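Dear colleague,

Please find below the structure that I am handing over to you. I should be grateful if you would look through it before you read my remarks.

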Amino acid sequence: MTATATATPARPADTPPPLPLCTQRRGIELALLVAAVLISVCGYLAVGLAKTHAVPSGAAAYGAGLGGLALLAHLAIRFRAPYADPLLLPIAVLLNGLGLVVIFRLDLETPGDAAAPTQLIWSTVGVALFTAVVLLLRDHRVLQRYAYVCAALALLLMVTPILFPAVNGAKIWIRIAGFSIQPGEFAKVLITVFFAAYLAGNRGALAHTGRTLGFLRLPTGRLLGPIVTIWLLSVAVLVLERDLGTSLLFFGVFVALLYVATGRTGWVAVGLLLAGGGAAAVGALEPHVHSRVEDWLHPFAGIAAGEGPGQLAQSLFAFANGGMFGTGLGQGHAYLIGFAMKSDFILATFGEELGLAGLTALFLLYALLVARGYRAALGLHDPFGSLLALGLATLPAIQVFVIAGGVMGLIPLTGMAMPFLAQGGSSVVTNWIIIALLLRLSDRARAPRPEVSELPVPAVRAESVPPEAGR
């Protein structure tokens, strides 16, 4: 008896299964952008109705401006990065819009110092650079070739403010003819590119070579040199510029990338010890940093001395007054903080007028932004791209922790700007560049890759079964 069968082409054993089809989801992004703009416009209207009992005169211009920026960014992504993450841009637009709303609300308390129009102009510059990055950066791996150029530029940007007079006790600004810029904001992106490129090229040696000291494997001097140099530079920035926030940010990102690149938890412990030791030493010796530490340890000292509450005390009072659901937009008193209420302490206004519920929603937006950046890092297959995405996503994570911890009295104040929310042109422009880079990275991670070509396997035809031997 004979039997015939035709087998379908078989996949070789070492061939991976086909990847799932990734959808572009630009329609979802557009719908979320519309929602983000509408939420921001509603906030703008709520502030005007609460303060003046009338619709603010600039509501239409504000909505049109924010909507136009969102549409421009969306079209750039649709054209050049169609597979990019659909959540990153709407989150950025919503955070930027809410920041403009809170700044406009505080402008009503300081009629002679309107910052919202200027912030909208800086947002326009940020979206323009965002569009340029999305359109011009075809392959993120090009940045790896210029790692040391990025490090040199970052070092130049960090050192330049030392040559200019201190502003509010810190040398982090360059002010010329009424124009001011904070170079450290741009330096953080450049230094992250350098960190990612250096660790991508040396991660194997850092993880598996050197001497073992307890739970930590110390690399050779040639590899350890740049690590020690980075730590010394971060402390030097802290000492010379009196800028605690920038120092913690740079070193924190480097330690996070070092841990991911080597997989060794010991580096986290060493990084925390070095950062803590350096901050403690400078906090005890440098007067400006020391005064911030004293304000953190004794926030109500001014009240006890009969001098009235200081900024940190007013911030704590604002959070307490907000309660669970807040006093309502435009109905708080966080403006009593005075100086830096639109920058360092803008979170206090947000917390008082939107309450714990609003703060939780805000922190969830930041958490989602960071998580989508980490998701892009997991989807990339080249070490440099993965480390770059992780580093860029870690930047806002550390900033939010440091700033929120400072205004809530958990750690000393650092003088950093809340991403997208606080007043500051350099900050908002840099954050838009970070979002553009993350979108390019996520587009590369989510884009469908061509399958490995299968070897042609001819059909197998079963012939008649030969009679068994001896039968």
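What volume does the second largest pocket have? The answer is about 580 Å³. Please keep in mind throughout that this is a predicted model.

The lining of this second largest pocket consists of 25 residues. Those that lie nearest its centre are L248, L272, A275, F401 and V402. Four helices, namely α8, α9 (266–285), α10 (287–297) and α14 (383–407), each provide at least two lining residues. The greatest contribution comes from α8, with seven residues. By class, the lining of the second largest pocket has 21 nonpolar residues, four polar ones and no charged ones.

I turn next to the enclosed spaces. The structure contains six cavities of 30 Å³ or more, and the largest cavity has a volume of about 140 Å³. Fifteen residues line the largest cavity, and Q182, G184, E185, D243 and T246 are the ones nearest its centre. At least two lining residues come from each of α5 (147–159), α6 (183–208) and α8 (244–262). Here the lining is made up of seven nonpolar, four polar and four charged residues.

Two pairs of helices also deserve your attention.

The first pair is α1 (residues 26–52) and α2 (residues 59–80), whose axes come within 10 Å and cross at roughly 160 degrees. Angles over 145 degrees count as roughly antiparallel, and α1 and α2 are therefore roughly antiparallel to each other. Their crossing is right-handed. On the α1 side, the contact includes R26, L30, V37 and Y44, while A59, L66, H74 and R78 are among the residues that α2 contributes. In this contact of α1 with α2, eleven residues are nonpolar, five are polar and three are charged.

The second pair is α3 (residues 88–107) and α4 (residues 116–136), which pack at an angle of about 165 degrees with their axes 9 Å apart. By the reasoning used above, α3 and α4 are therefore roughly antiparallel to each other. The crossing of α3 and α4 is right-handed. From α3, the residues in contact are L89, N96, L100, I103, F104 and D107; from α4, they are A116, P117, Q119, L120, S123 and F130. The contact of α3 with α4 comprises eight nonpolar residues, three polar and one charged.

Yours sincerely,
A colleague

Methods:
Residues numbered from 1 in each chain as written. Predicted model: local features only at pLDDT ≥ 70, side-chain atom pairs only at ≥ 80, totals over all residues. Heavy atoms only, no water. 1 Å grid on protein atoms, 1.4 Å probe; cavity = no way out; pocket = protein on both sides within 12 Å on 5 of 7 lines; lining within 4 Å. Points joined across faces, edges and corners; volume = space filled by probe spheres on them. Nonpolar A, V, L, I, M, F, W, Y, C, P; charged D, E, K, R; others polar. Axes fitted to C-alpha atoms, helices over the stretch in contact; angles between N-to-C directions. Parallel < 35°, antiparallel > 145°, perpendicular 65-115°, else oblique. Left-handed = near helix turned anticlockwise from the far one by under 90°. Contact = heavy atoms within 4.5 Å.
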